[in-house]
Amino acid sequence: MVEIALKWEPEADQSLGLPVYATTGAAGADLKANFADRGSVVLEPGARALVPTGLRLAIPEGFEVQIRPRSGLALKHGITLPNSPGTIDSDYRGPLGVIVMNAGQEAFVINHGDRIAQMVVAPVVQAGFAVVEDLDDTARGAGGFGSTGVG
């Protein structure tokens, strides 16, 4: 098991608790909105906001934390994350905020303590890059968007 070190922001409501996995098989741990004023934010259709979690992370080298939408919010209300998945690098130590967007047709209220996203811990492999004269051939070749079937 990988351990992620967490630190509360000074103004954070620690009674909301740390991120938790909702089930034993869950890949993502739920993140909650943690507003310093314990208030809320109204997201009009098409609007986006940076929602604080009240946390900072220390992720071990060789790992990242991916921030992903919650499927229920996406299906029921059109609430998504425009840069999904968002990546938190192992060398970042600033506040953990989640960019939330309302792609729905009605205003949506994010209240203090609401589950707004999930975080997934994933290994990172860094590649080397080299310029070559030619690339090897494949059956697909240069076929791009939609070249392997419908869609």
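Begin by selecting Ala47, which lies in the loop between β4 and β5 of what is, throughout this tour, a predicted model. Ala47 is partly exposed, with a relative accessible area of 25%, a value that falls between the limits of under 20% for buried and over 50% for exposed. If you now add Arg93 to the selection and draw a C-alpha to C-alpha distance, the two residues are 27 Å apart in space, while 46 residues separate them in sequence.

**The open sheet**

From Ala47, move on to strand β5, residues 48-58, and colour it together with strand β9, residues 95-102; the two run antiparallel and are joined by 6 bridges. To find the register of this pairing, select Pro52, which stands opposite Gly97 in β9. With those strands still coloured, bring in β1 and β7, and you have an open sheet of 4 strands in the order β1-β5-β9-β7, with antiparallel pairing. Which strands stand at the edges of this sheet? They are β1 (5-8) and β7 (79-80), and because each has a single partner strand, one side of each is left without a neighbour in the sheet. When you turn the view to look along any strand, it may help to recall that in a regular strand the side chains alternate between the two faces of the sheet.

**After β7: a cis peptide bond**

Follow the chain out of β7 and select Pro85, whose place is in the loop between β7 and β8 (86-88). The peptide bond that joins Ser84 and Pro85 is cis, with omega at about -10 degrees, so display the backbone atoms of both residues if you wish to inspect this torsion.

**The pairings of β11**

Next select β11, residues 115-123, and look at two of the strands that pair with it. Strand β3, residues 29-32, pairs with β11 in the antiparallel sense over 4 bridges, and the bridge partner of Leu31 in β11 is Ala117. Strand β6, residues 63-68, also pairs with β11 in the antiparallel sense, here over 6 bridges, and for Glu64 the bridge partner in β11 is Ala122.

**A network of salt bridges**

Keep β3 and β11 in view and show the side chains of Asp30, Arg70 and Arg115, which are linked in a network of salt bridges. One contact of this network is the salt bridge between Arg70 and Asp30, at 3.5 Å from N to O. That pair links distant parts of the chain, since Arg70 is in the loop between β6 and α1 (71-77) and Asp30 is in strand β3, 40 residues apart. Are these two side chains in buried or exposed residues? Both Arg70 and Asp30 are buried.

Asp30 also forms a salt bridge with Arg115, the closest N and O atoms being 3.0 Å apart. Asp30 lies in strand β3 and Arg115 in strand β11, so this pair ties together parts that are 85 residues apart in sequence. The two partners differ in their exposure: Asp30 counts as buried at 9% relative accessibility, whereas Arg115 is partly exposed, with a relative accessible area of 39%.

**Arg38 and Asp13**

The structure holds 4 salt bridges, and another of them is found by selecting Arg38 and Asp13, whose side chains meet at 3.7 Å, N to O. Arg38 lies in the loop between β3 and β4 and Asp13 in the loop between β1 and β2 (20-21), so the pair ties together parts that are 25 residues apart in sequence. Arg38 is partly exposed, with a relative accessible area of 38%, while Asp13 is buried, with a relative accessible area of 13%. Before leaving Arg38, check its backbone as well, for phi is near 60 degrees, a positive value in a residue other than glycine.

**A negative patch on the surface**

For the last stop, go beyond the end of β11 and select Asp134, which is found in the segment after that strand. Asp134 is exposed, with a relative accessible area of 66%. Add Glu133, Asp136 and Asp137 to the selection, and show the molecular surface: together with Asp134, these residues form a negative surface patch.

How values were computed:
Residues numbered from 1 in each chain as written. Predicted model: local features only at pLDDT ≥ 70, side-chain atom pairs only at ≥ 80, totals over all residues. Heavy atoms only, no water. Patch = residues over 30% accessible without salt bridge, like charges linked within 9 Å, V, L, I, M, F, W, Y side chains within 5 Å. Areas by Shrake-Rupley, 256 points an atom, 1.4 Å probe, with all protein chains shown as cover. Lys, Arg positive; Asp, Glu negative; His and termini not counted. Charge placed at Lys NZ, Arg CZ, Asp CG, Glu CD. Buried < 20%, exposed > 50% of the residue type's maximum accessible area, 1.4 Å probe, protein only. Pairing = 2+ DSSP bridges.
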